[in-house]
Amino acid sequence: MAAFEVRGGQPLRGEITPQGAKNEALQILCAVLLTPEPVTISNIPDIRDVNKLIELLRDMGVKVGKLATDTYRFQAEDVHLDYMDSPEFVKQAGALRGSVMILGPMLGRYGRCQLPKPGGDKIGRRPMDTHFLGLEKLGGQLTLEGTDFYRIKADGKLKGTHMLLDEASVTGTANIVMAAVLAEGTTTIYNAACEPYLQQLCRMLVRMGANIQGIGSNLLTIEGVESLGGTEHRMLPDMIEIGSFIGLAAMTGSEITIKDCQIPELGLIPDTFRKLGIQIEFRGDDIHIPAQPHYEINTYLDGSILTVSDHTWPGFTPDLLSIVLVVACQAKGTVLIHQKMFESRLFFVDKLIDMGAQIILCDPHRATVIGLDQRTRLRGITMTSPDIRAGVALLIAALSAEGSSTILNVEQIDRGYQFIDQRLNALGADIRRL
């Protein structure tokens, strides 16, 4: 088990460029299965989850060529369907949450797919009902073997239909869209997810020859086509990294410029951090965070305590609530953090409390943070990263703390943040990988 040894209290300074978006990559990479023609994708993050998905595609028979550090060419001309019956496939796919998104393209193009129950972060239950209900409405027939192996097949071509999703699941919508683009007839998806990464997937599919209307809304209309061709695609920067760097700069009193942020795609992220009192300057497509000795949490107009909660897009992303929570620990004022979409993502606050933060965990979904206003620094401790997002929140806390901290299980952080220790050390951090 790898660990970070972090010496806190070092002000950071300089420029940092966010990696390509992990959550977009997992969708876009699976979409290459929809065509026998070459697909070139750039700005791919060099992180464990993405690399494992590329390895899975290669083992399934996809030709993979690395053109540059962040650019690959894929060609799914001869996919090995029998590989899905092998123990190696079960092991690979079961270790990777993103493998669930091979279901839609494989069902749409080949009429069948199978998958072990995927792994991933332990952040609460994430049922796959939306994926399977949508694929079944298109004509897929689902069989569950035991409790953790799924088979889905179609007799002939999938058929377009109207569906109202029970939740606006991003990966569920992506799977259904990738199946529907090759189905016969018209598919309408209401209550579809509309995150920027889903929009990116839809635009890429349109360039490949798909007919998709309503991109960016929660009502997608898809006219099925016979086949799709190749294309080139560049992924967005990772909005979660951008938000993490904003929070890091504020909590450590650092001056940081975040480069090439695609600001129009960030939604409520900048304004949510501004509500914590953080100064944010847009300089073209860069975000500059000046060094601030103090930042004060806003209140509502009637003076009541601010609540920051997550919601489906265009609401505030749940992946940044842990960052907002840790940054609030050194703000002036009080904020209620309400995690609505997952039931276990606040269970890292005990580590922050051990570091000296003033937090009341109200229940599995809500925590009240009473900011220290930099009057007292957090103290370094030994702690374990429970998941990707909490791990980075703890890293930010350690970088702001007095003394040294040890963060165990940093493989979790590596799954989502590319060379984070090296990149932050370049700004003046003191992080040593053990």
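This is a short dialogue on reading some helices, sheets and backbone oddities in a predicted model.

Visitor: Let's start with helices. What describes two packed helices?

Guide: Two things: the angle between their axes and the distance between those axes. Here, take helix H1 (residues 22-31) and helix H6 (residues 170-180), which pack at an angle of about 15° with their axes 11 Å apart.

Visitor: How do H1 and H6 run, roughly parallel or roughly antiparallel?

Guide: Angles under 35 degrees count as roughly parallel, and H1 and H6 are therefore roughly parallel to each other. Their crossing is right-handed.

Visitor: Which residues of H1 and H6 meet?

Guide: From H1, look for Gln-27, Cys-30 and Ala-31; from H6, pick out Val-170, Ala-174 and Met-178. Sorted by class, this contact has 5 nonpolar residues, 1 polar and no charged ones.

Visitor: Why do residues three or four places apart on a helix point the same way?

Guide: An α-helix has 3.6 residues a turn, so residues with that spacing end up pointing the same way. Keep that in mind while you look at helix H5 (residues 129-137), where the buried residues are Thr-130, His-131, Phe-132, Gly-134 and Leu-135.

Visitor: What do the buried residues of H5 pack against?

Guide: Quite a list: helix H4 (103-110), strand E7 (140-145), strand E8 (149-154), strand E9 (162-164) and H6. So you meet H6 again here, after its contact with H1. Then step past the end of H5 to Gly-139, where phi is positive, near 120°.

Visitor: On to sheets. In what order do the strands around E18 and E20 stand?

Guide: The order is E17-E18-E20-E19, in an open sheet of 4 strands with mixed pairing. Strand E17 (306-309) and E19 are at the edges with a single partner strand each, so one side of each has no neighbour in the sheet. From one strand to the next, the twist averages 20°.

Visitor: How many bridges join E18 to E20?

Guide: There are 5 bridges between strand E18 (residues 334-338) and strand E20 (residues 366-370), and the two run antiparallel. You can trace the register by eye: Thr-334 has Ile-370 as its bridge partner, and Leu-336 has Thr-368.

Visitor: And what do E19 and E20 form?

Guide: A hairpin, with 2 residues between the strands. Strand E19 (residues 358-363) is joined to E20 by 5 bridges, again antiparallel. One pair to find is Ile-359, which stands opposite Val-369.

Visitor: Which helix lies across E17, E18, E19 and E20?

Guide: That's helix H10 (residues 321-328), and its direction is at about 160° to E18.

Visitor: Which strands are at the edges of the sheet with E14 in it?

Guide: First the layout: this open sheet has 4 strands in the order E2-E14-E16-E15, with mixed pairing. The edge strands are strand E2 (13-16) and strand E15 (281-283), each pairing on one side only. Neighbouring strands here are turned by 20° against each other on average, ignoring direction. E15 is linked to strand E16 (residues 286-289) by 3 bridges, running antiparallel, and Arg-283 has Asp-286 as its bridge partner. Helix H8 (residues 239-251) packs on this sheet, touching E2, strand E14 (255-258) and E16, and makes about 165° with the direction of E14.

Visitor: Last topic, the backbone. What sign does phi have in most residues other than glycine?

Guide: Negative, and most peptide bonds are trans. A few spots in this model break those habits. The bond from Trp-313 to Pro-314 is cis, with omega near 15°, and Pro-314 sits in the loop between E17 and H10.

Visitor: Where is Asp-260, and what is its phi?

Guide: Asp-260 is in the loop between E14 and helix H9 (269-275). Its phi is positive, near 50°. At 47% relative accessibility, Asp-260 counts as partly exposed.

Visitor: And Asn-409: buried or exposed?

Guide: Buried means under 20% relative accessible area, and Asn-409 has 18%, so it counts as buried. Asn-409 also has a positive phi, about 60°, without being a glycine. Look for it in the loop between strand E22 (404-408) and helix H13 (411-414).

Conventions. Residues are numbered from 1 along each chain as its sequence is written. This is a predicted model: local features need pLDDT of at least 70, side-chain atom pairs count only at pLDDT 80 or more; totals for chains, interfaces and linings use all residues. Side-chain values use heavy atoms; hydrogens and water are left out. Axes are lines fitted to C-alpha atoms, for helices over the stretch in contact, and angles run from 0 to 180 degrees between N-to-C directions. Angles under 35 degrees count as roughly parallel, over 145 as roughly antiparallel, 65 to 115 as roughly perpendicular and the rest as oblique. A crossing is left-handed if the near helix is turned anticlockwise from the far one by less than a right angle, and right-handed if clockwise. Contact means heavy atoms within 4.5 Å. Ala, Val, Leu, Ile, Met, Phe, Trp, Tyr, Cys and Pro count as nonpolar, Asp, Glu, Lys and Arg as charged, and the others, Gly among them, as polar. Buried means under 20% relative accessible area, exposed over 50%, partly exposed in between (1.4 Å probe, protein chains only). Two strands pair if DSSP finds at least two bridges between them.
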